[in-house]
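The following exercises ask you to read a model closely and to reason from its geometry step by step. Try each task before turning to its solution.

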Amino acid sequence: MADNNTINVVIDGKQVSTAVGSTILDAAKSIGIDIPTMCYMKLHNTEYKCQPASCRVCVVEVEGRRNLCPACATPVMEGMVINTSSMRVLHARKMVIELMISDHPNDCLTCSKSGKCELQDLARKAGVVDIPLSGKAQSEYEVQISKAIVRDMSKCIMCRRCEKMCSDIQSVHALSGVDRGFEAVVGTAFGESLDNTVCVGCGQCVAVCPVGALMEKDDTDKVIKALADPAMTVVVQTAPATRVAIGEEFGMEPGTDATGKMVTALKNLGADYVFDTDFAADLTIMEEGAELIDRLTKFLNGEKAALPLLTSCCPGWVNFYESNYPDMLDLPSSAKSPQGMFGAVAKNYFAEELQIDRKKMFVVSVMPCTAKKIEADREELKEDGNPDVDVVLTTRELARLIKMANIDFSNLPDSDYDSPLGESTGAAVIFGVTGGVLEAALRTVYEELEKKTLSNVEFETVRGFDGLKVATVTIAGQDINVAVAHGLSNARKVMEEIKSGNPRNLHAVEVMACPGGCIGGGGQPYHHGDGEILKARTNATYHIDEAKTIRKSHENPAIKALYVKYYKEPGSEIAHHQLHTHYTYREKY
């Protein structure tokens, strides 16, 4: 008998008790029955759920019902008897997949998504070996290449996952369904390139696309060319979140710390120097922390101060506020992101140390993020037209490059980063997770203001997968109100609140565009809707922090030495010139 909270059904001959409100898909998953899906995706631990029930791949047979039902959108009812793999179901499912493929390019051999394509996998499982459909009805679209993302809408299957992510989780609304029939596609306003729309380049549309309709812009050829040039000194930096994800591309468990193998692989590829973006994250805390302390001090002294300070590490977030909040551009920290700071340090300080022209140094960033490609192209991050960062590769692109070079990644020995830009603290690595930038800043700001050692460096109140977290931290007798948001729809809520008068009296706000922070970045290995992968990456990041001997940015000896030798002190004239930036209203439609 069912109680008020559970419903009893039978699925493929198995009795199941499931919660009221569950779908057939939910109930089947609870007992390990796999029903294939295409348009459906639910990313656990986040607010993302796409459930249009439009593809009909997940149809099942319910006794007493004439039509097949989409499992993803059909709620269970007491006494239901469901068959997920009857011959009728298998025939219908196969026909749906054949129809999708009939309107899909047959270029799997050259498609970047090959091997990771969900349509490809479905076709294999459904036994599709040919397409018994004739006639020319295939839609064709021009491939659009933006600075970060490639759109090939000839491959779009109208699952609407990208649209759901862009509109609901990011509140950007750059993508929407247009046209009808074979011409139906998810497109931009007036068919414009993403660079000319409100798109922020976060790449979350790419992360959830089941096929090759949306991909990161591949820049591996530029890196190969630089590595092959004996006159070029190639310097590589790797971001915090890449180390706990790249192993997935080589069959390792999600959350495996592959730092040492990644460094070895890059050296085997021919990089002259392999450094850690974590070094620059520590440097970011020194500059951004000093800026926060300065603003708080002014505020507490009754002077005018731009509060709350908004973090500026996430380029998707920067693109978002530059186009949405032009009247609030005084709030973001002027500190460059760790990628931007590293590029400036490499092409100025390190190039001088090597006694080479900065134009003879080629800086490659390995990032979890597609928006970093846009950031590297900003005029503010160039000197006389020469960029501080020459090329950005996503984690997926680096994995492809390693495979291209026939490197056995899983069996590589571990190597250390090069000095002096390879030393970092635990505070730096947590930049890769939501709340990490703010926590790292609090570790330093606390000791600077309290003038004593912080014994417990873990600020649990800013951790976790809640889309918006608000906390109060008492430092030097003052209550410091902070907020952490991941997903731009949550950032929009905070910004609108600040715009309406900042009723919570927030002093600092961290925003990451991607769910979970950089560990869920648009350039990371595909999660295919498995939220446990994001959780594993997050846990691994905190474990790396815990294992570090030094866990506060201001205690990094390499950072101290850099200030003594080159930058003098946080906020100095040279530091401000090289390590800080400014923001501009960028009108988008």
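**Exercise 1: a residue in helix α2**

In this predicted model, Met-100 touches Met-38, Cys-55, Val-57 and Leu-119, where residues up to four places away in sequence are not counted.

Task: Decide whether Met-100 is buried or exposed, and state which helix holds Met-100.

Solution. Begin with the location: Met-100 belongs to helix α2, which comprises residues 87-102. Next take the accessibility, which is 12% in relative terms, so Met-100 counts as buried, the cut-off for that class being under 20%. Then consider the rest of the helix, where the buried residues are Val-89, Arg-93, Val-96, Ile-97, Glu-98, Met-100 and Ile-101; the elements that cover them include β5 (59-62), β7 (81-83) and α3. Finally, as a distance check, Met-100 and Gly-385 lie 285 residues apart in sequence, and their C-alpha atoms are 46 Å apart in space.

**Exercise 2: the span of helix α14**

Task: Work out what end-to-end span is expected for α14, and compare this with the model.

Solution. Helix α14 runs over residues 436-450 and has 15 residues. The expected span is 1.5 Å times one less than the number of residues, which gives 21 Å for α14, and the end C-alpha atoms are indeed 21 Å apart, so the two values agree. Turning to burial, 12 of the 15 residues of α14 are buried, and the helix is therefore mostly covered. Among the elements that cover these residues are α8 (277-300), β20 (468-475), β21 (478-486) and α16 (531-547). Just after the helix comes Lys-451, which has a positive phi, near 60°.

**Exercise 3: a buried glutamine**

Task: Find which backbone oxygen the side chain of Gln-204 reaches, and classify the accessibility of Gln-204.

Solution. Gln-204 is located in helix α5, residues 204-208, and its relative accessibility is 1%, so Gln-204 counts as buried. The side chain of Gln-204 reaches the backbone oxygen of Gly-520 at 2.8 Å. Beyond neighbours within four places in sequence, the contacts of Gln-204 include Gly-520, together with Met-165, Gln-170, Cys-514 and Pro-515.

**Exercise 4: a nonpolar surface patch**

Task: Determine which residues form the nonpolar patch with Leu-133, and where Leu-133 lies.

Solution. The patch on the surface consists of Met-95, Leu-99, Ile-131 and Leu-133, which together have about 330 Å² of accessible area. Leu-133 sits in the loop between α3 (118-126) and β8 (144-145), and because its relative accessibility is 42%, Leu-133 counts as partly exposed.

Key
Residues numbered from 1 in each chain as written. Predicted model: local features only at pLDDT ≥ 70, side-chain atom pairs only at ≥ 80, totals over all residues. Heavy atoms only, no water. Patch = residues over 30% accessible without salt bridge, like charges linked within 9 Å, V, L, I, M, F, W, Y side chains within 5 Å. Areas by Shrake-Rupley, 256 points an atom, 1.4 Å probe, with all protein chains shown as cover. Salt bridge = Lys/Arg side-chain N within 4 Å of Asp/Glu carboxyl O. Helix = DSSP H or I, 4+ residues; strand = E, 2+ residues; numbered from the N terminus. Buried < 20%, exposed > 50% of the residue type's maximum accessible area, 1.4 Å probe, protein only. Polar contact = N/O pair within 3.5 Å; in protein donor to acceptor, adjacent residues only side chain to side chain. Contact = heavy atoms within 4.5 Å.
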